[in-house]
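Please look over the structure shown here before reading my comments. The points are numbered so that each can be checked in turn.

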Amino acid sequence: AGAIAPELGNMARVSADGTQKPKPPYSNMVSGLYTVGKTEGLHVLFRGLGPACFEKVPSTAIGYYIYELMKRLLRVASV
């Protein structure tokens with residue numbers, strides 16, 4: 001109940017000029033994905049995939065290299 005009460009207060013809050021907060025455009029994640037895919041096209045949902053891969057691939061490769069290096073230095077057998 002303690003986690004829900006502040007949120008209920010935010011839903012009923014009215015701003016200083018007397019207007020209510022605008023309603024969110026999507027009711028949940030599935031609704032948002034469906035609406036964006038239908039109105040803007042499916043390619044929009046994958047727009048950030050390339051940059052995300054360019055970020056993750058090098059850091060993952062470095063992590064694996066350091067892991068293997070430490071196994072060799074500490075003479076730990078592979079599992």
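Does Lys71 count as buried or exposed? Lys71 counts as buried, because its relative accessibility is 14%, and the cut-off for buried is under 20%. The points below come back to this residue.

1. Confidence. This is a predicted model. The mean pLDDT of the protein is 82, and 76% of the residues reach at least 70. Among the elements, α3 has the highest mean pLDDT, at 93. Helix α1, which covers residues 5–12, has the lowest, at 55. Where pLDDT is low, the predicted coordinates should not be read in detail.

2. Helix α3. This helix spans residues 49–73 and has 25 residues. From its first C-alpha to its last it reaches 36 Å. That is close to the 36 Å expected at 1.5 Å a residue.

3. The salt bridge of Lys71. The structure holds 2 salt bridges. In one of them, the side chains of Lys71 and Glu68 meet at 3.6 Å, N to O. Both residues lie in helix α3 and are 3 residues apart, so about one helical turn separates them. Lys71 is buried, whereas Glu68 is partly exposed, with a relative accessible area of 37%. Side chains of opposite charge can pair when their charged atoms come close.

4. The salt bridge of Lys56. Here the side chain of Lys56 meets that of Glu55, with 4.0 Å from N to O. Glu55 counts as exposed because its relative accessibility is 52%, and the cut-off for exposed is over 50%.

5. After helix α3. Which residue with a positive phi follows α3? The residue is Arg75, with a phi near 55 degrees. Arg75 has this positive phi although it is not a glycine. Arg75 also counts as exposed, because its relative accessibility is 76%.

6. A nonpolar patch on the surface. Met29, Val30, Leu33, Leu42, Leu45, Phe46 and Leu49 form this patch. Together they have about 750 Å² of accessible area. Which helix gives the most residues to the patch? Helix α2, residues 29–40, gives the most, with 3 residues. Leu49, another member of the patch, has its place in helix α3.

7. Reading order. I suggest starting with α3, whose mean pLDDT is the highest among the elements. The salt bridge between Lys71 and Glu68 can be found there, and Arg75 comes in the segment after this helix. Helix α1 can be left for last, given its mean pLDDT of 55.

How values were computed
Residues numbered from 1 in each chain as written. Predicted model: local features only at pLDDT ≥ 70, side-chain atom pairs only at ≥ 80, totals over all residues. Heavy atoms only, no water. Helix = DSSP H or I, 4+ residues; strand = E, 2+ residues; numbered from the N terminus. Buried < 20%, exposed > 50% of the residue type's maximum accessible area, 1.4 Å probe, protein only. pLDDT = per-residue confidence, 0-100. Expected span 1.5 Å × (residues − 1). Patch = residues over 30% accessible without salt bridge, like charges linked within 9 Å, V, L, I, M, F, W, Y side chains within 5 Å. Areas by Shrake-Rupley, 256 points an atom, 1.4 Å probe, with all protein chains shown as cover.
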